[in-house]
Amino acid sequence: MAGTDGERRVVAVLMADIAGSTAIGEALGPERSKYLFDEVMRLMAAEVERYGGTVAQLAGDGLLALFGAPVAHEDDSERAVRAGLGIQRALERYGADVREAYDIQIQARVAV
């Protein structure tokens with residue numbers, strides 16, 4: 001029986017989603033909310049990738065990202081925090097446009 005050689009490493013995990021997404025979806029309806037959530041996911045994923053993270057899972061209004069797998073850096077924890085802050089800034093900018101157009105508030109919840 002062949003053994004598997006494993007590797008242990010420390011990874012940082014970032015979770016981010018949209019606060020109040022159910023109410024937003026109800027206010028906008030299915031088509032508009034899908035467009036909005038798709039754009040938010042694109043913005044979130046771009047910030048994760050900007051800081052060298054990997055989007056491990058997408059789920060409706062949020063994502064789970066890893067920093068340190070599959071590629072490790074000495075500062076993966078810092079990269080995860082910077083990505084979280086980047087997500088918040090990106091959604092603040094996008095949220096200003098959405099607020100004007102639809103009179104709703106978009107805010108990211110981020111945990112690292």
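Colleague: What makes R79 and D75 a salt bridge?

Modeller: In this predicted model, their side chains meet with N and O 2.7 Å apart. The cut-off is 4 Å between a side-chain nitrogen of Lys or Arg and a carboxyl oxygen of Asp or Glu, so the pair counts as a salt bridge.

Colleague: Why are R79 and D75 called partly exposed?

Modeller: R79 has a relative accessible area of 22%, and D75 has 30%. Under 20% would be buried and over 50% exposed, so both values fall in between.

Colleague: Then why does D76 have no salt bridge?

Modeller: The nearest side chain of opposite charge, R79, is 4.4 Å away. A salt bridge has to be within 4 Å, so D76 and R79 don't make one. D76 is buried, too. You'll find D76 in helix α3, residues 76-102.

Colleague: What does the side chain of D76 have by way of polar company?

Modeller: One of its polar atoms lies 2.7 Å from the backbone nitrogen of H73. Leaving out residues up to four places away in sequence, D76 touches A12, F67, G68 and V71.

Colleague: How do you know that D17 and R109 form a salt bridge?

Modeller: Their closest N and O atoms are 2.7 Å apart, and the limit is 4 Å, so they qualify. That pair links distant parts of the chain: D17 sits in strand β1 and R109 in strand β4, 92 residues apart.

Colleague: Why is D17 called buried, and R109 partly exposed?

Modeller: D17 comes in at 19%, and buried means under 20%, so D17 is buried. R109 has 47%, which is neither under 20% nor over 50%, so R109 is partly exposed.

Colleague: What about E47 and R50?

Modeller: That's a salt bridge as well, with the closest N and O atoms 3.2 Å apart. Both residues lie in helix α2, three residues apart, about one turn of the helix. E47 has a relative accessible area of 9%, under the 20% mark, so it is buried. R50 has 55%, over the 50% mark, so R50 is exposed.

Colleague: How many salt bridges does the structure hold?

Modeller: Six.

Colleague: Why does M15 count as partly exposed?

Modeller: Its relative accessibility is 46%, between the 20% and 50% marks, so that's the label. M15 lies in strand β1 and forms a nonpolar surface patch with V11 and V13, with about 220 Å² of accessible area together.

Colleague: And the overall layout?

Modeller: The protein has three helices and four strands, running β-α-α-β-β-α-β from the N terminus.

How values were computed: Residues numbered from 1 in each chain as written. Predicted model: local features only at pLDDT ≥ 70, side-chain atom pairs only at ≥ 80, totals over all residues. Heavy atoms only, no water. Helix = DSSP H or I, 4+ residues; strand = E, 2+ residues; numbered from the N terminus. Buried < 20%, exposed > 50% of the residue type's maximum accessible area, 1.4 Å probe, protein only. Lys, Arg positive; Asp, Glu negative; His and termini not counted. Polar contact = N/O pair within 3.5 Å; in protein donor to acceptor, adjacent residues only side chain to side chain. Contact = heavy atoms within 4.5 Å. Patch = residues over 30% accessible without salt bridge, like charges linked within 9 Å, V, L, I, M, F, W, Y side chains within 5 Å. Areas by Shrake-Rupley, 256 points an atom, 1.4 Å probe, with all protein chains shown as cover.
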